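Please open the model in your viewer and keep the selection tool at hand, since this tour goes from one selection to the next.

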Amino acid sequence: MELQVTNSPFNQEQADLLNRLLPTLTDTQRIWLGGYIAASLGTASAAAATASAPANAPLATLTETAPSISKEVTVLFGSQTGNSDRLAKKLTKQLEENGFQVTVSDMGSYKSNNLKKVENLLIVVSTHGEGEPPDNAIPFYEFLHSKRAPKLDGLRYSILALGDTSYEFFCQTGKDFDKRLEELGGKPLTPRVDCDVDFDEAAAEWMTQVLASLNEGSSAQPAGITSQTAVSAEGESEYSRTNPFHAEVLENLNLNGRGSDRETRHIELSLEGSNLQYEPGDSLGIYPENHPRLVDELIEAFAWNAEELVPVGKNGEEQTLREALLRYYEITVLTKPLLTQVAELTSNPELTNLLSAGHETELRAYLAGHDLLDLVQDFNLKGVSARSFTALLRKIPARLYSIASSLKANPDEVHLTVRTVRYENQGRERYGVCSVQLAERVEAGDTLPVFIQSNPNFKLPDSSDTPIIMIGPGTGVAPFRAFLGEREETGAEGKSWLFYGDQHFSTDFLYQVEWQRWLKDGVLTRMDVAFSRDTDQKVYVQHRMLEKSKELYQWLQEGAAVYVCGDEKKMAHDVHAALASILQQEGGLSPEEAADYLTQMQQQKRYQRDVY
């Protein structure tokens, strides 16, 4: 927003100066400035109150100021893919630069009994699956919602919630924490902020608000200005989520055999010159492009001009409509907030009715099975202004893929295993945005905008002697290719066991030759496979686990770490149930004891999941 005399308390000269300055500031500079102004206002207000007090006022009145806020801050994060972890550490750095003493911890490692001593609590948490807390947040979440939770009358807190508006229970975990902390007597330091998939700007604004509120009542002095555009620290890459590296494609191969119902691409990308680093368990983010066919059909359905200029970003840049729909806006996913805004823009009675109370089931079904082209056709939105409509669309989010390579084994390269998504719905072919781009429109020599997404919640054990059990059907096997490549390079001595599954042995055994070589060389100790369509009765990885229950239980008793990667909705739940069943059957545990055993394994980082 541009400052003007009519929309701000500034005169014209001040507004002109601020309009020139503000767009040039980095996030760190904005945060520093906000904290500095808040601190200055707090001091000035106190001085003014003293100066204006009556001469005969009691001493207590003259010295009375707002209660001082402690300079000790606790930052807790709950993260499934690493975003909350990264933001919590960024927040911690900014707090420390502003003179605060910070305790930062993932929720799974935090000693919950310490909560009653905390005065300032900042929570950064994502929502997983259908409104559930991420794995490492579950112990703290359950403690806070139990009868053991203490009264928190002296607590001031603020919450940054990460989510995705395409899910029904958007930012539900953050909302749950907010409600519960208030029930326990906590007072909000700043309002909760709910972030969609493009969260960087909203997160930066929340950090600014938090720092300003903390600085307002504390004796902390804002630190000096540090530019985020300064030269990177030695060994640190300049490329990131907000500044992706354009990586050259080295290989793009179909891993499935002839006759398979599936297409799985093995993609090799060059990171040469990027200084990007990753570890096994991390993910690679790709900013994809929408399918040109869908873009053209959408422009035709709206009766738009493909060459019309429309705004992209928040700084007023413009692109042609076709370019914007190809590379900037999301057009394949519908969300309730989007439909609400479209209904307000168009005053469409049918759409308004779909959004009304009593139609939640129909709305849920519509959002799950339709895209933007369906919306314009089903509700006759032809003729709506392109500029006003695209202003409602969110930025196309990056797609994250588990990295299938070890940087030690493949210097300056990163490998991916991507299953192509194609299906038909309501007489029209649908396709995964990024997976079909990789399958149909990306060749060796092309480049893709990428960044590394660190995932500290899916990492090999600290000790290379620790046995590992890896469960990864289909493309879920990708990170385990990275695990074994790393273990081969480092000469790890610990045993390893892989459970792998897919449809057919002859056409769908991804990386078969590599697993066989690692088995021969002893890098992989044992492997059990399940090909569900090769037998009359479908057999999946959890069935193989139950068949080997005695050996698997013995590995657990020896301290093995368990890793699960793949489908969250069904596979991960079935594998979790199989582990609980094995603990009951072989260890003689009750269902409650088996559940506690698995929770303890998660807290000890011996049970880690990368599920989606």
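In this predicted model, begin by selecting strand β18, residues 496-502, and show its side chains: Ser 496, Leu 498, Tyr 500 and Asp 502 point one way from the strand, while Trp 497, Phe 499 and Gly 501 point the other way. In a regular strand the side chains alternate between the two faces of the sheet. Are the residues on these two sides of β18 buried or exposed? On both sides they are buried, and the strand is thus described as mostly covered, with 7 of its 7 residues buried.

Next, add strand β17, residues 468-471, which runs parallel to β18 and is joined to it by 4 bridges; if you look for Ile 469, you will find that its bridge partner in β18 is Trp 497. Now select helix α16, residues 478-490, which together with β17 and β18 makes a right-handed β-α-β unit.

Then turn to strand β19, residues 526-531, which is parallel to β18 and joined to it by 6 bridges. Here Phe 499 stands opposite Asp 528 of β19.

For the last stop, leave the strands and look for empty space: the structure holds 3 cavities of 30 Å³ or more, and the largest cavity has a volume of about 200 Å³. To find this largest cavity, select Asp 135, Asn 136, Asn 457, Gln 602 and Tyr 607, which lie nearest its centre among the 16 residues that line it. Two elements, α22 (591-603) and β21 (607-611), give two or more residues to this lining, and the largest share, 3 residues, comes from β21. If you colour the lining by class, you should see 3 nonpolar, 9 polar and 4 charged residues.

Key
Residues are numbered from 1 along each chain as its sequence is written. This is a predicted model: local features need pLDDT of at least 70, side-chain atom pairs count only at pLDDT 80 or more; totals for chains, interfaces and linings use all residues. Side-chain values use heavy atoms; hydrogens and water are left out. Buried means under 20% relative accessible area, exposed over 50%, partly exposed in between (1.4 Å probe, protein chains only). Two strands pair if DSSP finds at least two bridges between them. A crossover is right-handed if, with the strands pointing away from the viewer, the path from the first strand over the helix to the second runs clockwise. On a 1 Å grid over the protein atoms alone, a cavity is a set of points where a 1.4 Å probe fits but cannot get out, and a pocket is an open set with protein on both sides within 12 Å along at least five of seven lines; lining residues have an atom within 4 Å of a point. Grid points are joined across faces, edges and corners, and a volume is the space filled by probe spheres set on the points. Ala, Val, Leu, Ile, Met, Phe, Trp, Tyr, Cys and Pro count as nonpolar, Asp, Glu, Lys and Arg as charged, and the others, Gly among them, as polar.
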